[in-house]
Amino acid sequence: MPAPVPPLPNGSPAHHGSTRRSTDRRGLLKLLGAGGVAVAAGGALAGCSSRDVQDGKGAAPSGSAGFTVTDQRGVKVSFDGPVSKIATTVIPSPSILAAVDGGVDRIVGINESTLVANKQGIFGEMFPASTKTRTVSGSDFVPNVETLLSLKPDVVIQWGDMGDEVIAPLENAGFKVIGLTYGTQEKLETWISLFGKLTGNESRADDLVSWMHAEKTAVSALVRGQQRTGQKVLYLRAAADGWTSYNGSGYMNFCTELVGGVNPAKDLKAASPQVSTEQILEWDPDVILLSAFDEKPPAALYGDPKLARVRAVRDRRVYKIPLGGYRWDPPCAESPLMWRWMTQVLYPSTARAGGLRAQLTGAFDRLYGYRISAAQVDDVLRLDLNSRSSGHDGFRA
């Protein structure tokens with residue numbers, strides 16, 4: 001099994017804790033969007049906008065160099081130096097910020113659903129202060145300007161593709177706003193680079209992106225050695241009226257194809273299409289992956305007589321997606337672990353070669369400066385919920 005990877009530079013001291021799981025009611029609402037992030041210092045900029053934010057007062061250290069970033073709306077935002085206080089309504093960003101910055105000290109405001117996750121999941125065990133962070137928006141992402149004014153953040157991170165109703169109140173109040181979109185590996189990497197720039201941790205951010213590239217290469221090599229590529233892998237998220245999935249534009253499609261699988265929902269027009277029982281029966285997937293954003297366990301499918309003929313159900317190849325510092329279905333700092341996990345789900349023989357548990361232990365040290373215990377690894381991998389699924393014992397190795 002491979003040795004754990006070393007932590008990134010500037011990592012926080014390692015510590016121990018326990019894990020509880022959580023779900024997010026809003027889930028994947030805003031995981032898709034268009035645009036890119038360009039990060040540059042001083043005048044080395046591209047993609048200028050008519051909605052520039054300039055001459056703001058940042059809380060930068062004395063003598064530090066100023067810089068400008070262009071967000072995913074194409075808006076330029078200038079700073080005197082690395083920011084000291086960050087507020088974010090964007091649900092996935094705190095764990096990515098923590099991975100880039102080595103902690104949560106700069107994060108002064110978060111979404112209310114993030115706070116719930118921090119209190120219930122391993123993130124709150126790794127960073128106890130995150131369980132007391134002030135909330136600056138609800139699950140609708142509408143900012144609480146009054147609270148933000150009291151917190152006085154140097155920058156507010158907000159979704160850049162939800163319309164002016166969530167951006168304008170912030171800019172009208174005088175806040176510097178970084179508008180983001182989400183949904184691809186490339187966007188994830190630009191988030192990391194952007195957060196590195198904002199916090200003065202560009203080298204750490206570069207190392208994190210390089211690790212992701214190396215892991216992508218390693219996973220591709222593992223998959224090339226397998227005989228059973230082309231398995232149909234269906235992603236399902238519980239909805240009030242059944243299920244939703246991802247088409248070819250979703251991050252899960254990228255993950256599925258990376259590990260040699262085929263997404264049967266790829267060609268559907270809707271980005272997050274509704275999926276009926278009849279459609280699942282028609283597709284007859286080899287593997288079903290259940291979202292980490294809801295409580296639906298594999299047992300619910302195993303006990304559903306309407307799905308008994310589905311190959312994945314019949315062969316006990318339904319799996320709950322892991323929940324680490326963040327949920328693994330959307331792009332996040334732990335995405336390379338999702339690739340490793342999916343590889344082992346599709347090809348159980350890679351359990352020894354992939355070394356998922358060692359990879360996970362090393363990655364948490366790398367990302368968060370945290371020594372995760374064996375029991376916590378079990379919890380992250382949802383071994384209790386996946387106990388009736390094929391290959392379960394391989395995740396204990």
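Me: Quick one to start: how much of the protein counts as buried?
Reply: Of its 397 residues, 57% count as buried. Keep in mind that this is a predicted model.

Me: Okay, and how many helices and strands are there?
Reply: The protein has 15 helices and 13 strands.

Me: What about its accessible surface?
Reply: That comes to about 15200 Å², and 50% of it belongs to carbon and sulfur atoms.

Me: Let's do sheets. What's the strand order in the one with parallel pairing?
Reply: The order is β6-β5-β4-β7-β8, an open sheet of five strands. Its edge strands are β6 (134-137) and β8 (177-180), each pairing on one side only. From one strand to the next, the twist averages 25°.

Me: How many bridges join β4 to β5?
Reply: Two bridges join β4 (residues 86-88) to β5 (residues 107-111). Ile86 stands opposite Ile107 of β5 there.

Me: Which helix lies across β7 and β8?
Reply: Helix α5, residues 164-172, does that. Its direction runs at about 165° to β7 (155-159).

Me: And the sheet with mixed pairing, what's the order there?
Reply: That open sheet also has its five strands listed simply: β11-β10-β9-β12-β13. At the edges are β11 (274-275) and β13 (318-320), each with pairing on one side only. Helix α12 (residues 335-346) packs on this sheet and touches β9 (233-239), β12 (287-290) and β13. The direction of α12 makes about 145° with that of β12.

Me: Do β10 and β11 run parallel or antiparallel?
Reply: Antiparallel, with two bridges joining β11 to β10 (residues 242-244). Thr244 has Gln274 in β11 as its bridge partner.

Me: Switching topic: how many residues lie between β2 and β3 in their hairpin?
Reply: Five, and Gly74 in the turn has a positive phi of about 85°. β2 (residues 67-70) pairs with β3 over four bridges in the antiparallel sense. Phe67 has Phe79 in β3 as its bridge partner.

Me: Which way do the β3 residues point?
Reply: Lys76 and Ser78 point one way from β3 (residues 76-79), while Val77 and Phe79 point the other way. All of them are buried. As a general pattern, side chains in a regular strand alternate between the two faces of the sheet.

Me: Now α8. How many of its residues are buried?
Reply: Six of the eight residues in α8 (251-258) are buried, so to speak of it as mostly covered is fair. Those are Tyr251, Met252, Asn253, Cys255, Thr256 and Leu258.

Me: What covers them?
Reply: The cover includes α6 (185-199), α7 (202-224), β9, β12 and α12. Just after α8 comes Gly260, with a positive phi of about 85°.

Me: Where does Ser249 sit?
Reply: Ser249 is in the loop between β10 and α8. The side chain of Ser249 makes a polar contact with the side chain of Asn247, at 2.6 Å. Ser249 and Lys266 are 17 residues apart in sequence, with 7.8 Å from C-alpha to C-alpha.

Me: Why does Ser249 count as partly exposed?
Reply: Because its relative accessibility is 39%, and partly exposed covers values between 20% and 50%.

Me: And why does Asn386 count as buried?
Reply: Because Asn386 has a relative accessibility of 4%, and buried means under 20%. Asn386 lies in the segment after α15 (374-380).

Me: What is Asn386 in contact with?
Reply: Leaving aside neighbours within four places in sequence, Asn386 is in contact with Pro298, Val318, Tyr319, Lys320, Leu381 and His392. A polar atom of the Asn386 side chain lies 3.3 Å from the backbone oxygen of Leu381.

Me: Last topic, the largest nonpolar core. Which residues touch the most other members?
Reply: Phe195, Leu289, Trp328 and Trp341 do, out of 93 residues in that core. Beyond neighbours within four places in sequence, the contacts of Leu289 include Val233, Met252, Tyr319 and Trp341. There is also a second, separate core of 16 residues, and among them are Leu236, Trp243, Ile280 and Trp283.

Notes
Residues numbered from 1 in each chain as written. Predicted model: local features only at pLDDT ≥ 70, side-chain atom pairs only at ≥ 80, totals over all residues. Heavy atoms only, no water. Pairing = 2+ DSSP bridges. Contact = heavy atoms within 4.5 Å. Axes fitted to C-alpha atoms, helices over the stretch in contact; angles between N-to-C directions. Buried < 20%, exposed > 50% of the residue type's maximum accessible area, 1.4 Å probe, protein only. Areas by Shrake-Rupley, 256 points an atom, 1.4 Å probe, with all protein chains shown as cover. Polar contact = N/O pair within 3.5 Å; in protein donor to acceptor, adjacent residues only side chain to side chain. Core = buried A, V, L, I, M, F, W, Y, C linked by side-chain atoms within 4.5 Å.
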